Amino acid sequence: MSCGKTLSARLKPAPIRALSSTGSNIAVQTAKEVHIGRLPPASLVYWLRLGFGVLAGVIYNLAGFGSLGVGLGTLSMITVGIGVYSVSVFLVKNLLGYGPEVLKGPNKHVTIGMGSYVIWMIFTTILLYTVLNPHPS
């Protein structure tokens, strides 16, 4: 029967192409190149630092350091800021694994987002202190 020959000819498997062939458009990523969500590593570190700046302002106000006066309150804010920032550096370097080779520069895991961190920490601290401690005029 000629139907059997054509059926077996149609079921013949196609040749398999390897991932490394020149016509393949599939890229193999290493663990260091993986993006979390759609953000590249530098943007992720920036937004993470911004969030940690807000967190530092919240921690400062929830701990009640604003009632210590100007001198001790400022010293407490600097201490909380350095502590939370050091946690963010640890998170970026060790948990996410973003070192100098991923962020394209020495100490980028420390410096990316530093200015935004400080600005948002100060902004959040002032805003929450004003809302939580209203003084009559």
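## A tour from His 109 outward

Select His 109 to begin: its relative accessible area is 9%, and because that is under the 20% cut-off, the residue is buried. The coordinates are those of a predicted model. His 109 sits in helix 5. Show its neighbours, leaving aside residues up to four places away in sequence, and His 109 touches Arg 49, Val 89, Val 92, Lys 93, Tyr 98, Pro 100 and Leu 103.

**The whole chain**

Zoom out and colour by secondary structure. The protein has 6 helices and 0 strands, and from the N terminus the order of elements reads α-α-α-α-α-α. Colour by accessibility next: 26% of the 137 residues count as buried. On a contact map restricted to separations of 6 or more, residues 24 or more positions apart account for 71% of the contacts.

**Helix 2**

Select residues 41-63, which form helix 2. At 1.5 Å a residue, its 23 residues should span 33 Å, and the end C-alpha atoms are 32 Å apart, so the two figures agree.

Which residues of helix 2 are buried? Highlight Pro 41, Leu 44, Val 45, Arg 49, Leu 50, Phe 52, Gly 53, Ala 56, Gly 57, Tyr 60 and Asn 61. One of these, Arg 49, was met above as a residue that His 109 touches. The buried residues of helix 2 pack against helix 3, helix 4 (100-103), helix 5 (108-111) and helix 6.

Now pick Leu 62, also in helix 2. Is Leu 62 buried or exposed? Its relative accessibility is 68%, over the 50% cut-off, so Leu 62 counts as exposed. Draw a distance from its C-alpha atom to that of Tyr 129: the two residues are 67 residues apart along the chain, and the separation of these atoms is 9.4 Å. Step past the end of the helix to Gly 64, which follows helix 2 and has a positive phi, near 80°.

**Helix 3 against helix 6**

Show residues 70-95 (helix 3) and 114-132 (helix 6) together. Two packed helices are described by the angle between their axes and the distance between the axes. Here the angle is about 135° and the axes are 11 Å apart. That angle makes helix 3 oblique to helix 6. The crossing of the pair is right-handed.

Which residues make the contact? On helix 3, select Met 77, Val 80, Gly 81, Val 84 and Tyr 85; on helix 6, select Met 114, Tyr 117, Met 121, Ile 122 and Thr 125. Coloured by class, this contact shows 8 nonpolar residues, 2 polar and no charged ones. An α-helix has 3.6 residues a turn, so residues three or four places apart point the same way. That spacing can be checked against the selection on either helix.

**The loop between helix 4 and helix 5**

The last stop is a pair of backbone angles. Most residues other than glycine have a negative phi.

- Lys 104, in the loop between helix 4 and helix 5, has a positive phi of about 60° although it is not a glycine. Lys 104 counts as exposed, at 68% relative accessibility.
- Asn 107 lies in the loop between helix 4 and helix 5, and its phi is positive as well, about 60°, although Asn 107 is not a glycine. With a relative accessible area of 47%, Asn 107 is partly exposed.

From here, return to helix 5, where His 109 is found.

Note on methods: Residues numbered from 1 in each chain as written. Predicted model: local features only at pLDDT ≥ 70, side-chain atom pairs only at ≥ 80, totals over all residues. Heavy atoms only, no water. Axes fitted to C-alpha atoms, helices over the stretch in contact; angles between N-to-C directions. Helix = DSSP H or I, 4+ residues; strand = E, 2+ residues; numbered from the N terminus. Parallel < 35°, antiparallel > 145°, perpendicular 65-115°, else oblique. Left-handed = near helix turned anticlockwise from the far one by under 90°. Contact = heavy atoms within 4.5 Å. Nonpolar A, V, L, I, M, F, W, Y, C, P; charged D, E, K, R; others polar. Expected span 1.5 Å × (residues − 1). Buried < 20%, exposed > 50% of the residue type's maximum accessible area, 1.4 Å probe, protein only.
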